[in-house]
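Okay, thanks for coming, everyone. I've got one structure to walk you through, so let me put it up on the screen.

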Amino acid sequence: MTDIAARPEDDDRAILDQWYPVAFLASLTAGETRVRLLGHDLLVSGDGDGFAVRRADTAALLPARKAHACLWTTLGRPKGDVVEIAEAAEPDRRVVPCGAINVRTSGLRVVENFLDMAHFPFVHTNILGAEPITEVAPYRTEHRVDVDEIWATECRFEQPQAARSSVGGMTTDYAYRVAAPFLTLLYKSCPNDPTRPDVICLFVRPVDQERSVAYPVMFLIDETSSQAELAQFQQRIFVQDRIILENQRPARLPLSPKAEIPTRADSVSVAYRRWLKAAGVRYGAIG
Amino acid sequence: MTEQEQHAPEEVDAHGWRPVALGLDLPPASVTGARIGEQRLAIWRNSHGDVRASDDRCPHRGMRLSLGFVRDDMLACLYHGWRFDAEGRCRTIPAHPGLKPAATIRTTTFPTIESDGLIWCRVDGVEPPESPPALTSPAHPTTPVRTIRIDAPTRSVSRALGISPDDRTARVNLPIHDIADTPDDNAPTPSDAAAMSAVTVVVVQHAVGREETRLYVLIEGDAPTTTIQRASRWASSLRDKVEREHKDAIVVEHV
């Protein structure tokens, strides 16, 4: 069934000219897989080690890339290649895809939630935070114009169990990066290496304006935990987030500064919304 | 069914006092969700027993407050723990413990009244709100039985209860032996003589949506546990009957 309203308008270039994950590479089987991206049905077919992505309606072949444990495609003309993550190339990193998660809300809400520290004690109780330590210390938010990305740096939060490998609580340093409207990642201090941070990515495939699939991928320094343990730790956190995400109203992210009331801890969220609005993003957003 | 009944869109009337919960279903320091017309509500009770109603949306990031919790006699949002007082004003933002929230940060609140075992709320803005309808005389306190959800329009429930669609309250005389459901219960003994008399079940309807009705079931006067359980089973069978007939009616309409 074709639902035109589920697709971006032709001039929503900020959304169309982007790379999107269509599946984890490990989950793709030989034969054809049907996925929906921005209201368009796509057919993904595997032929040994390569994959082809086509539009289901016109059979037009779309660009396809393998990167960061995912298969990526685009409906437009992205300026560059799939997002570069320097740490991903380090040979001793564990690459941990955590399982695709369906979320019934706008992917922009999913990204914004990922950037939020203030919910740790309430939503990820006794893992990423715990009362009474609820304060979000001032941090720095910036729009890096040269790369057109939103960054939040100098973020700190006291956490009971920051990572699967944590023994006891620690103060965790975070840096957040929004590289595209539906693509975000964070760098957080690693319990096993004082010099190199763990990297956790959240790649979002907007299925339509109010449905998304999140692909969390971690690039970790952890020699001891099993792959399943690492993935389960993160999955548990995303499932907790989903309860919030599916109960926010409206489902689409309000871009008007007056629609929802932020506080100081939301400065990265405010910058993200402003950046989306300036880029003319309308898909998955209101006002 | 007449042509008009079949096709007239059934408006969910949001005027006046509406029953939003049995008092029994909302223990101290808890919150639940309700809906009157298009207005979604968080109904909560503080530790002293007072009931409040708020718009079911946190002004911060749009989270449903009915999924939150009650802390320090304030309604707290599950997402970031922002707390709202009885007047809907935000008093605490945990991310900034030293910050006094601006007076402009608030949720919309609505009047509530608890009487006859029911919590009533109104969202039509009529001030001062008059009292909700009395279910029984003050001399006969009610005994709450349960809240039951029926996936059918209120008019279908009214029909099954034999009341006019405008009547939101039905009084059903239930002979005890009619609602017994085990063979042993059907064998009255002389000491059950009192129980053989009828009890009056008070059923209050609330249209949650066009296809969803909530029934609040109470018994007039005091009732022993066995009678409460029997009235509860009667309500279940009423639900099953209404839902079955409603499904059949839809099939007929579409043939």
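So, let's start where the two chains meet. Between chain B and chain A, I count 15 residue pairs in polar contact, with both partners at pLDDT 80 or more. And yes, that pLDDT tells you this is a predicted model, so keep that in mind. On the side of chain B that touches chain A, the residues split up as 13 nonpolar, 6 polar and 5 charged.

What about salt bridges across the interface of chain B and chain A? The rule finds 4 of them. One to look at on the screen is Arg57(B) with Glu260(A), where the side chains come together at 2.9 Å, N to O.

Now, the size of the thing. People often quote an interface as the accessible area lost when the parts come together. Here, chain B and chain A bury about 2,200 Å² between them, and 53% of that sits on carbon and sulfur atoms. Who loses the most area on the chain B side? That would be Arg61(B), Tyr79(B) and His96(B), together 34% of what that side buries. In terms of contacts, 24 residues of chain B are up against 28 residues of chain A.

Okay, away from the interface and on to the core. The largest nonpolar core has 82 residues, and Met117(A), Tyr176(A) and Tyr272(A) have the most contacts inside it. Helix H4 of chain A, residues 227-245, puts in the largest share of this core, with 7 residues. If you zoom in on Tyr272(A), its contacts further along the sequence include Leu108(A), Val111(A), Ile150(A) and Leu253(A), and there's a charged neighbour too, Glu112(A).

How values were computed
Residues numbered from 1 in each chain as written. Chains lettered and ligands numbered in written order. Predicted model: local features only at pLDDT ≥ 70, side-chain atom pairs only at ≥ 80, totals over all residues. Heavy atoms only, no water. Contact = heavy atoms within 4.5 Å. Buried area = accessible area lost by both parts, 1.4 Å probe. Polar contact = N/O pair within 3.5 Å; in protein donor to acceptor, adjacent residues only side chain to side chain. Core = buried A, V, L, I, M, F, W, Y, C linked by side-chain atoms within 4.5 Å. Buried < 20%, exposed > 50% of the residue type's maximum accessible area, 1.4 Å probe, protein only. Helix = DSSP H or I, 4+ residues; strand = E, 2+ residues; numbered from the N terminus. Lists of a residue's contacts leave out its neighbours within four places in sequence.
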